[in-house]
Amino acid sequence: ANSKRAAEIVLEAREIAKKGDATVADEMLREAQTLDPSSGAALMYRANIAAFLVRQDIDHAIALYRESIAIEPDKWDTRFFLGKVLVAQRQYAEAEAELEAALSLVPDSEAVQLELATAKTRRTLAPNIDGSSPKVPEDPQLTTALLQNLEEHGKE
């Protein structure tokens with residue numbers, strides 16, 4: 001009964017979040033999490049709110065995604081969203097690992113494939129930690145494909 005009510009609350013909270021009331025949605029998701037601590041859905045949506053609606057608490061969002069994955073490691077969407085946030089934070093290696101895990105769960109997902117390609121492209125073209133230029137692959141076709149992907153999907 002608790003898990004069913006928690007699932008209902010999650011659905012209601014999603015709708016409220018879509019309308020822009022992140023605070024109320026987060027409170028509802030906390031309630032759902034209390035009712036059913038074995039479900040990672042409430043954590044994932046709380047992370048989405050922190051990462052994509054509030055955009056002020058990325059570290060908290062990442063922690064919530066990871067907590068959700070610890071509870072439900074086979075939820076591809078949680079890994080996908082974590083990967084997106086990690087790409088935005090320029091944590092490309094970690095992003096790739098999460099996106100590869102998501103892709104293993106939904107191999108036909110074009111969204112996951114695209115985000116993974118973006119992470120790989122950005123990692124390849126990102127400046128090195130010491131400030132030196134990245135080593136561009138010697139394969140001209142790969143270089144062209146990487147640059148085209150970067151142009152098509154932005155530089156952030």
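**A helical chain and its buried contacts**

Glutamate 98 has a relative accessibility of 15%, and it counts as buried because this value falls under 20%. The model in which this residue is found is a predicted one. The side chain of glutamate 98 meets that of arginine 79 in a salt bridge, with a distance of 2.7 Å from N to O. This pair links distant parts of the chain, since arginine 79 belongs to helix α5 and glutamate 98 to helix α6, with their positions 19 residues apart. What is the exposure of the other partner, arginine 79? Arginine 79 has a relative accessible area of 14% and is therefore buried as well.

Salt bridges with shared partners also join Arg5, Glu8 and Glu12 into one network. Within this network, the side chains of arginine 5 and glutamate 8 form a salt bridge at 3.4 Å from N to O. Both residues are in helix α1; because they are three residues apart, about one helical turn separates them. Arginine 5 has a relative accessibility of 35%, so it counts as partly exposed. Glutamate 8 is likewise partly exposed, with a relative accessible area of 36%. A further salt bridge joins aspartate 77 and lysine 75, whose closest N and O atoms are 3.8 Å apart. Aspartate 77 has a relative accessibility of 18% and so counts as buried. Altogether, the structure contains 11 salt bridges.

The overall architecture may now be considered. The protein chain contains eight helices and zero strands. Read from the N terminus, its elements follow the order α-α-α-α-α-α-α-α. Of its 156 residues, 42% count as buried. The accessible surface amounts to about 9,100 Å², and carbon and sulfur atoms account for 51% of that area. Among contacts with a sequence separation of 6 or more, 46% are between residues 24 or more positions apart.

In soluble globular proteins, nonpolar side chains tend to be buried together. In this model, the largest nonpolar core has 40 residues, of which Val10, Leu29, Tyr65 and Leu99 touch the most other members. At least two residues of this core come from each of the helices α1 (2-18), α2 (22-35), α3 (41-54), α4 (58-71), α5 (76-88), α6 (92-105) and α7 (110-125). Which helix supplies the largest share of the core? Helix α3 does, with nine residues.

Leucine 29 illustrates how a member of this core is surrounded. When neighbours within four places in sequence are set aside, leucine 29 is in contact with Val10, Ala13, Ala42, Tyr45, Arg46 and Ile49. Val10 therefore appears both as a contact of leucine 29 and as one of the four core residues that touch the most other members.

Aspartate 26 has its place in helix α2. Is this residue buried or exposed? Aspartate 26 has a relative accessible area of 17%, which means that it is buried. With residues up to four places away in sequence not counted, aspartate 26 touches Arg46 and Ile49. Arg46 and Ile49 are also among the contacts of leucine 29.

Aromatic residues provide another set of contacts, for the structure holds three aromatic pairs. In one of them, the ring centres of tryptophan 76 and phenylalanine 80 are 6.0 Å apart and the ring planes meet at 50 degrees, so the pair is tilted. Both residues lie in helix α5, where a spacing of four residues corresponds to about one turn of the helix. How do the two partners stand with respect to exposure? Tryptophan 76, at 33% relative accessibility, counts as partly exposed, whereas phenylalanine 80, at 10%, counts as buried. Ring pairs also place these two residues in a cluster with Phe52 and Phe81.

The loop between α5 and α6 contains arginine 90. The phi angle of arginine 90 is near 65 degrees, a positive value in a residue other than glycine. Arginine 90 has a relative accessibility of 51%; because this value is over 50%, the residue counts as exposed. The helices on either side of this loop, α5 and α6, are also those that hold arginine 79 and glutamate 98, respectively.

Methods. Residues numbered from 1 in each chain as written. Predicted model: local features only at pLDDT ≥ 70, side-chain atom pairs only at ≥ 80, totals over all residues. Heavy atoms only, no water. Core = buried A, V, L, I, M, F, W, Y, C linked by side-chain atoms within 4.5 Å. Buried < 20%, exposed > 50% of the residue type's maximum accessible area, 1.4 Å probe, protein only. Contact = heavy atoms within 4.5 Å. Phe/Tyr/Trp six-rings, centres within 6.5 Å; stacked < 30°, edge-to-face > 60°. Salt bridge = Lys/Arg side-chain N within 4 Å of Asp/Glu carboxyl O. Areas by Shrake-Rupley, 256 points an atom, 1.4 Å probe, with all protein chains shown as cover.
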